[in-house]
Amino acid sequence: MTRDEVIAWCLAQPGAVETYPFGEHVLVVKVTGKAFAYIGFEENSIALRCGVNAEEAATVRARHPDAVRPMGYQSRHGWNTITLDSAIPDAELHELLAASYDHARS
């Protein structure tokens, strides 16, 4: 998926809100006041909650070691940074987006 496709998907979700708390270089999409996607314009990346904890997020990194890395200090909470336009199949990226969105809604 391209960055524009990811942004369109995120903003099409019920209750999604577009915010820029860190400046224009990072779009943070929230639902119910909680972030579910950090979209980096400079890096062409997206950070998503890929599990309930670091161990679950590590399974995604193990499947795609060249495209997925821990998201800094948020990685302990299950967040990964994913390089867009990488080898991750669109269907899997859709699943990760939906899971991150669902987690933020709960």
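In this predicted model, 45% of the 106 residues of the chain count as buried. The exposed surface of the chain amounts to about 5,600 Å². Carbon and sulfur atoms contribute 54% of that area. The chain carries 9 positive and 14 negative side chains. The centres of these two sets are 9 Å apart.

The secondary structure comprises 3 helices and 6 strands. Their order along the sequence is α-β-β-β-β-α-β-β-α. The radius of gyration is 12 Å, close to the 13 Å given by the globule rule for 106 residues, so the chain is as compact as a globular protein of that length. The C-alpha trace spans about 30 × 25 × 25 Å along its principal axes. Among contacts with a separation of 6 or more, 50% come from residues 24 or more positions apart.

Strand pairing was examined next, starting with β2 and β3. Strand β2 covers residues 26-31, and β3 covers residues 34-40. The two strands run antiparallel and are joined by 6 bridges. They form a hairpin with 2 residues between them. Val31 in β2 has Lys34 in β3 as its bridge partner. Strand β3 is mostly covered, with 6 of its 7 residues buried.

Thr32 belongs to the loop between β2 and β3. In the turn of this hairpin, Thr32 has a positive phi of about 50 degrees, although Thr32 is not a glycine. The relative accessible area of Thr32 is 54%; the cut-off for exposed is over 50%, so Thr32 counts as exposed.

Val31 presents the opposite case in terms of cover. Its relative accessible area is 3%, and Val31 is therefore buried, the limit being under 20%. Beyond its neighbours within four places in sequence, Val31 is in contact with Pro14, Gly15, Ala16, Phe36, Tyr101, Ala104 and Arg105. Leu11 is 20 residues from Val31 in sequence. In space, the C-alpha atoms of Val31 and Leu11 are 9.8 Å apart.

Strand β3 also pairs with β4, which spans residues 45-49. Here the sense is again antiparallel, over 3 bridges. Ile39 has Ile46 in β4 as its bridge partner. These two strands form a hairpin with 4 residues between them. Asn44 lies in the loop between β3 and β4. Its phi is near 55 degrees, a positive value in a residue other than glycine.

Ser45 follows in strand β4. With a relative accessible area of 6%, Ser45 is buried. Leaving aside neighbours within four places in sequence, its contacts are Tyr38, Ile39, Gly40, Thr81, Ile82, Thr83 and Leu84. Of these contacts, Thr83 in β6 stands opposite Ser45.

Strand β6 covers residues 79-83. Of its 5 residues, 4 are buried, and the strand is thus mostly covered. Strand β4 is joined to β6 by 5 bridges, and the two run antiparallel. Strand β5, residues 68-70, is also antiparallel to β6, with 3 bridges between them. In this second pairing, Pro70 stands opposite Asn80. Strand β6 therefore has bridges to both β4 and β5, with the covered state of β6 set by the under 20% limit.

The loop between β5 and β6 contains His77. The relative accessible area of His77 is 33%, so His77 is partly exposed. This value falls between the buried limit of 20% and the exposed limit of 50%. Not counting residues up to four places away in sequence, His77 touches Arg49, Gly51, Val52 and Asn53. Arg49 is within the range of strand β4, residues 45-49. His77 and Leu27 are 50 residues apart in sequence. Their C-alpha atoms lie 20 Å apart in space.

Note on methods
Residues numbered from 1 in each chain as written. Predicted model: local features only at pLDDT ≥ 70, side-chain atom pairs only at ≥ 80, totals over all residues. Heavy atoms only, no water. Buried < 20%, exposed > 50% of the residue type's maximum accessible area, 1.4 Å probe, protein only. Pairing = 2+ DSSP bridges. Rg over C-alpha atoms; globule rule 2.2 N^0.38 Å. Contact = heavy atoms within 4.5 Å. Areas by Shrake-Rupley, 256 points an atom, 1.4 Å probe, with all protein chains shown as cover. Lys, Arg positive; Asp, Glu negative; His and termini not counted. Charge placed at Lys NZ, Arg CZ, Asp CG, Glu CD.
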